[in-house]
Amino acid sequence: MKTKYKRPKHLNLLKIRLPITGIASINHRLSGVILFLAIPFSLYLLQLSLSNKEGFTQTIEYLSSPWIKLLLIPLVWAFAHHLLAGFRFLLIDQEIGIHLSAARLTAWFVVVTAVIVTLVVAVGWWL
Amino acid sequence: MSFQAQGMRAWLLQRLTAIYVAIYTLSLMIWVSYQLPLSYEAWLNLLSQPFMLIATVLFYLSLFIHAWVGIRDIFVDYVKPSGIRFILLMSLAFFLVVMTLWLLIIFVGLVKI
């Protein structure tokens, strides 16, 4: 006789408690999506900056306007996190830091450092 | 790259492109930080040099391959209905092809200078 087990499904995002390694991993995805969305903007700015002197000046003006800077803050975080977490995954591929305690420590390092880098850049921009 | 990137090849491509993209972006950031405030002439000179022009086109091509594998993984993980998944993958491929053409237009213009 088959018993139908009800597995607990906590798909409520507010109820999910991911371990730090899971947070590093899901943030790697999220930051990847943010960076992906930035691709056309980067090409637009590259084209504008190379077009002529006025275009270059306009690019610098865009990048230093307060509203664009506000949009760039998540991009800074995404770049920092994706780079650091990616580097961590490359090390894990090489079997460096694969044990649970080490993996947790490096995950903490990645998550916290990405936030610190973002804060430092943000403070630098507004001071 | 074929439409269905096979597991091992996608895995390897993801890592090789990641390393190149990381080295390129960090090098460019370091270069820019030494040139601040950056002038148009310095920026144009840097990117029109044959070495840097090729390196930059390779950077974007690596980025597009990296994005293809990464976003494809996300679609495969979260979008179960095969019809919608197929449409999303085709849209992604179309988007990346358009980005590649745009990239080539930008750099063909630079070669003429």
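## Helix 4 of chain A

A good place to start in this predicted model is helix 4 of chain A, where A:T106, A:A107, A:V110 and A:A114 are buried. So what covers them? Helix 1 and helix 3 of chain A are included in the cover over the buried residues of helix 4.

As for its geometry, helix 4 of chain A takes in residues 100-126, 27 residues in total. From first C-alpha to last it reaches 39 Å, close to the 39 Å expected at 1.5 Å a residue.

## Where chain A touches chain B

Over at the interface, 15 residues of chain A are in contact with 16 residues of chain B. On the chain A side, helix 1 (20-51), helix 2 (53-64) and helix 3 (66-93) each supply at least two residues. Helix 1 of chain A has the largest share of that side, with ten residues.

What about the chemistry? Sorted by class, the side of chain A that touches chain B comes out as nine nonpolar, four polar and two charged residues.

## Chain B on its own

Chain B has four helices and zero strands, so reading from the N terminus its elements go α-α-α-α. Of its 113 residues, 12% count as buried.

On overall dimensions, the radius of gyration of chain B is 17 Å, while a compact globule of 113 residues would come in near 13 Å. Taken along the principal axes, the C-alpha atoms of chain B fill a box of roughly 50 × 25 × 25 Å.

Then there are the contacts within chain B: counting those between residues at least 6 apart in sequence, 73% join residues at least 24 apart.

Note on methods:
Residues are numbered from 1 along each chain as its sequence is written. Chains are lettered from A and ligands numbered from 1 in the order in which they are written. This is a predicted model: local features need pLDDT of at least 70, side-chain atom pairs count only at pLDDT 80 or more; totals for chains, interfaces and linings use all residues. Two residues are in contact if their C-beta atoms, placed from the backbone, lie within 7 Å. Ala, Val, Leu, Ile, Met, Phe, Trp, Tyr, Cys and Pro count as nonpolar, Asp, Glu, Lys and Arg as charged, and the others, Gly among them, as polar. The expected span of a helix is 1.5 Å times one less than its number of residues. A residue is buried if 20 or more other C-beta atoms lie within 10 Å of its own, exposed if 12 or fewer, and partly exposed in between; C-beta atoms are placed from the backbone. The radius of gyration is taken over C-alpha atoms; the globule rule is 2.2 Å times the number of residues to the power 0.38.
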